Amino acid sequence: YPLSIFFIVINEFCERFSYYGMRAVLVLYFKYFLQWNDNLSTAIYHTFVALCYLTPILGALIADSWLGKFKTIVTLSVVYTFGQAVMSVSSINDLSDDNRDGSPDNLALHIALSMTGLILIALGTGGIKPCVSAFGGDQFEDDQEKQRSRFFSIFYLSINAGSLISTIVTPILRG
């Protein structure tokens with residue numbers, strides 16, 4: 001197996017773990033931290049998910065006509081990571097808790113950071129989605145059909161394992 005395959009599989013596991021782990025508690029964050037009602041929380045959540053499934057079109061266009069698969073994956077992974085960092089910062093109470101009562105005083109700042117983070121995450125996750133599996137398949141020579149087939153099995157196993165484990169672990173960690 002080419003060495004790059006292991007990095008691709010591990011990266012995809014971590015990306016799915018991060019995405020589904022964040023999604024598992026996102027509505028709770030909207031309701032209890034940003035103090036949104038059920039309808040707004042649900043609407044923003046589903047808009048975010050829809051954007052994540054719409055942006056692969058953009059990722060494919062960038063990869064096919066401008067940067068190529070590798071540079072698209074690297075660039076949008078950085079965007080994705082920055083988005084997760086912005087989301088994390090947006091959830092820090094003390095960021096705007098000037099009177100130290102345990103709740104943020106400037107909710108508009110937290111909302112702006114959250115929406116910025118979610119947009120960056122949607123661009124990142126959607127942008128790399130059409131590129132990663134194809135890039136992994138490109139790592140094999142024509143005579144490595146068996147290894148390529150096994151790669152795709154392991155690749156999709158890592159996606160589902162990352163999703164499953166994070167969906168279980170994240171709520172436990174939250175508790």
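The following conversation concerns a predicted model.

Visitor: What should be known about the model beforehand, and how are residues numbered?
Guide: It is predicted, so local features need pLDDT of at least 70 and side-chain atom pairs count only at pLDDT 80 or more, while totals for chains, interfaces and linings use all residues. Residues are numbered from 1 along each chain as its sequence is written, and side-chain values use heavy atoms, with hydrogens and water left out.

Visitor: How many disulfides are there?
Guide: A search of the whole structure gives 0 disulfides, a disulfide being a pair of cysteine sulfur atoms within 2.5 Å.

Visitor: Why does Cys14 not form one with Cys52?
Guide: The sulfur of Cys14 lies 18 Å from that of Cys52, its closest cysteine sulfur, which is too far for a bond.

Visitor: And which cysteine sulfur is closest to Cys52?
Guide: That of Cys131, at 15 Å, again too far for a bond.

Visitor: Is Cys52 buried or exposed?
Guide: Cys52 is buried, at 0% relative accessibility, whereas Cys14 is partly exposed at 42%. Buried means under 20% relative accessible area, exposed over 50%, and partly exposed in between (1.4 Å probe, protein chains only).

Visitor: Changing topic, where is Leu3?
Guide: Leu3 belongs to helix α1, residues 3-33; helices are DSSP runs of H or I with at least four residues, numbered from the N terminus. Leu3 is exposed, with a relative accessible area of 60%.

Technical notes:
Helix = DSSP H or I, 4+ residues; strand = E, 2+ residues; numbered from the N terminus.
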